Amino acid sequence: MAIDVHKGRLHAAGRICSMLATIDKANGQIIKKKPRHIPPGSLARVKVELAGESIPVEAGNRVVLRNNGQTVAAGIIE
């Protein structure tokens, strides 16, 4: 899926390479490895690959993933 990765005022084009796991919000345990679909409101671990430009990020930074101007995900860098 093609996305725009936003961190503060910085942004870069990228894509979601793989969905690694869905995670239980209550205890942080992995529910399912390599899910095909992530329902709205769920917690998941995904791998994002940037195309071209890079954005300086550190563990704990917050990012927003958008597609066609709509927010599809928000999260924290591990």
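Q: Why is lysine 34 called exposed in this predicted model?
A: The relative accessibility of lysine 34 is 69%. Exposed means over 50%, so lysine 34 counts as exposed. Lysine 34 sits in the loop between S3 and S4.

Q: What makes the phi of lysine 34 worth noting?
A: Lysine 34 has a positive phi of about 50° although it is not a glycine.

Q: Which class, buried or exposed, does asparagine 68 belong to, and why?
A: Asparagine 68 has 76% relative accessibility. The cut-off for exposed is over 50%, and asparagine 68 therefore counts as exposed. Asparagine 68 is placed in the loop between S5 and S6. Its phi is near 55°, a positive value in a residue other than glycine.

Q: Why is glutamate 53 called exposed?
A: With 56% relative accessibility, against a limit of over 50%, glutamate 53 counts as exposed. Glutamate 53 belongs to the loop between S4 and S5.

Q: What does glutamate 53 touch, leaving aside its neighbours within four places in sequence?
A: Glutamate 53 is in contact with His11 and Ala12. Contact requires heavy atoms within 4.5 Å. In addition, the C-alpha atoms of glutamate 53 and glycine 14 are 9.1 Å apart in space, while the two residues are 39 residues apart in sequence.

Q: Why is threonine 22 called buried?
A: The relative accessible area of threonine 22 is 11%. Buried means under 20%, so threonine 22 is buried. Threonine 22 lies in strand S2. Not counting residues up to four places away in sequence, threonine 22 touches Gln29, Ile30, Ile31, Lys32, Pro35, Ile38, Leu43 and Ala44.

Q: How do you know that S2 and S3 pair?
A: Three bridges link S2 and S3 in the antiparallel sense. Pairing needs at least two bridges, and S2 and S3 therefore pair. Within this arrangement, threonine 22 stands opposite lysine 32 in S3. The hairpin of S2 and S3 has six residues between the strands, and glycine 28 there takes a positive phi near 80°.

Q: Why is aspartate 24 called partly exposed?
A: Aspartate 24 has 28% relative accessibility. Buried means under 20% and exposed over 50%, with partly exposed in between, so aspartate 24 counts as partly exposed. Aspartate 24 lies in the loop between strand S2 (10–23) and strand S3 (30–33).

Q: What makes the approach of aspartate 24 to alanine 26 a polar contact?
A: The side chain of aspartate 24 reaches the backbone nitrogen of alanine 26 at 3.3 Å. A polar contact requires N or O atoms within 3.5 Å, and the pair therefore satisfies the distance limit. Aspartate 24 also touches Gln29 and Ile31, not counting residues up to four places away in sequence. Leucine 43 is 19 residues from aspartate 24 in sequence and 6.9 Å from it in space, C-alpha to C-alpha.

Q: How do you know that S1 pairs with S2?
A: Six bridges join S1 to S2, and the two strands run antiparallel. The requirement is at least two bridges, so S1 and S2 pair. Lysine 7 stands opposite leucine 10 in S2. S1 and S2 form a hairpin with two residues between them, and glycine 8 in the turn has a positive phi of about 65°.

Q: How do you know that S1 pairs with S5?
A: S1 and S5 share three bridges in the antiparallel sense. At least two are needed, and S1 and S5 therefore pair. Histidine 6 stands opposite valine 64 in S5.

Q: What makes up the largest nonpolar core?
A: Seven residues form this core: Ile3, Val5, Ala12, Ile16, Ile55, Val63 and Leu65. Strand S1 (2–7), S2 and strand S5 (62–67) each supply at least two residues of this core. One of the core residues, alanine 12, touches Ile3, Asp4, Val5, Leu50, Glu53 and Ile55, not counting residues up to four places away in sequence.

Q: How much space lies in the largest pocket, and which residues are the closest to its centre?
A: The largest pocket holds about 1,100 Å³ of space. Of the 31 residues that line the largest pocket, Ala44, Val46, Leu65, Ala73 and Ala74 are the closest to its centre.

Q: Which strand gives the most to the lining of the largest pocket?
A: S4 gives the most, with seven residues. S1, S2, strand S4 (43–50), S5 and strand S6 (70–76) each supply at least two residues of the lining.

Notes: Residues are numbered from 1 along each chain as its sequence is written. This is a predicted model: local features need pLDDT of at least 70, side-chain atom pairs count only at pLDDT 80 or more; totals for chains, interfaces and linings use all residues. Side-chain values use heavy atoms; hydrogens and water are left out. Helices (H or I, at least four residues) and strands (E, at least two) are DSSP runs, numbered from the N terminus. Buried means under 20% relative accessible area, exposed over 50%, partly exposed in between (1.4 Å probe, protein chains only). A polar contact is a pair of N or O atoms within 3.5 Å; within protein, one must be able to donate a hydrogen and the other to accept it, and residues adjacent in sequence count only if both atoms are side-chain atoms. A nonpolar core is a set of buried Ala, Val, Leu, Ile, Met, Phe, Trp, Tyr and Cys residues joined through side-chain atoms within 4.5 Å. On a 1 Å grid over the protein atoms alone, a cavity is a set of points where a 1.4 Å probe fits but cannot get out, and a pocket is an open set with protein on both sides within 12 Å along at least five of seven lines; lining residues have an atom within 4 Å of a point. Grid points are joined across faces, edges and corners, and a volume is the space filled by probe spheres set on the points.
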